[in-house]
Amino acid sequence: MAMSTDPYKVYTVSPIPGAETLPDGTKAVDAKDWVKDLDLETVTKMHQTRNEKIKVLVLYGSLRERSFSKLMAFEAARILDRIGCEVRVYDPMGLPVKDDVQHDHPKVQELRNLSIWSEAQFWCSPEQHGNITAVMKNQIDWIPLSTGSVRPTQGRILGFAQVNGGSQSFNTVNTLRILGRWMRMFVIPNQSSLPLAWKSFTPGGKLKPSGNRDRLVDVCEELVKVSMIIGPHMDLLNDRFSEREETKAKGRLLTQAEKEAEKDKVVPTATD
């Protein structure tokens, strides 16, 4: 059994968390690692031209042990790692339900720090009742648009996938696309939707060969390529007129709460 000492590298553990238990009581392990055989030469060489690895944060939207969104996220993490990225997978277990009180909770601070650390992100959610799960939305809601002058998601490159218990749907990836844009992220054109997820993984937790598995590789490959193309220009793209004006007037960028407080101080006149 190969153990990882890094909690963010759990996708490298064998047997993988979420592997089925065999009749003899052991966990299933796949004999072959399909990711190692992928032809990723072009994107890998492209990535190697960087001085540092692209930092990718991976989020998934379920707390179940054998969660198919978690297994899908692990597969994406292994593909991105194979390309050469620095990948960290966040475990949402223990993250409190979003409120305006627990900002200092360790799991909240961990998530926000990982988002700030990242240059790109990969989100994977199950589709439940036609849309993303509460676990997925809760993570996104805990990441603020701004914390003073810090923008935890602004300018990050985003790729995503969804898993379905039944036939293929695109409701969840469409919602993730909207959320990514709302969080001021650059959303890649490609996306992945896995139908019949319960039939798509081996007992060891790896994706079975299919066109849908190939599409996941496409998404991960595109996430790295877009990050390579946009990354060098990120400071320019994040240079916003409105934020420059706010910094001139206030000396720094304000939080949303500070902006709302300023609005409350304004007293309407008779001519307003």
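Here is a short chat about a predicted model, between a visitor and a guide.

Visitor: What should I know about the numbering and the model first, and which pLDDT do local features need?

Guide: Residues are numbered from 1 along each chain as its sequence is written, and side-chain values use heavy atoms, with hydrogens and water left out. The model is predicted; totals for chains, interfaces and linings use all residues, side-chain atom pairs count only at pLDDT 80 or more, and local features need pLDDT of at least 70.

Visitor: How many helices and strands does the chain have?

Guide: Helices (H or I, at least four residues) and strands (E, at least two) are DSSP runs, numbered from the N terminus. By that count the chain comes to nine helices and six strands.

Visitor: Which element gives the most to the largest nonpolar core?

Guide: A nonpolar core is a set of buried Ala, Val, Leu, Ile, Met, Phe, Trp, Tyr and Cys residues joined through side-chain atoms within 4.5 Å; buried means under 20% relative accessible area, exposed over 50%, partly exposed in between (1.4 Å probe, protein chains only). The largest one has 46 residues, and M72, I79 and F122 have the most contacts inside it. β1 (55-60), α2 (68-83), β2 (86-89), β3 (120-126), β4 (157-163) and α6 (211-230) each supply at least two of its residues. The top giver, with 10 residues, is α2.

Visitor: Which residues of the 211-230 helix does F122 touch?

Guide: Contact means heavy atoms within 4.5 Å, and residues up to four places away in sequence are not counted here. Among the residues F122 touches are V56, A76 and F160. From α6 (211-230), the ones touched are L216, V219 and L223.

Visitor: Where is the cis peptide bond?

Guide: Look at the segment before α1 (41-48), where P15 lies. Omega is about 0° for the bond that joins S14 and P15.

Visitor: Is H129 buried or exposed?

Guide: H129 lies in the loop between β3 and α4 (134-141). Its phi is positive, about 55°, although H129 is not a glycine. Because its relative accessibility is 84%, H129 counts as exposed.

Visitor: What is the relative accessible area of R184?

Guide: R184 is found in the loop between α5 (171-182) and β5 (186-187). Phi of R184 is near 65°, a positive value in a residue other than glycine. R184 is partly exposed, with a relative accessible area of 27%.

Visitor: How much of the chain is buried?

Guide: The chain has 272 residues, and the buried share of them is 48%.
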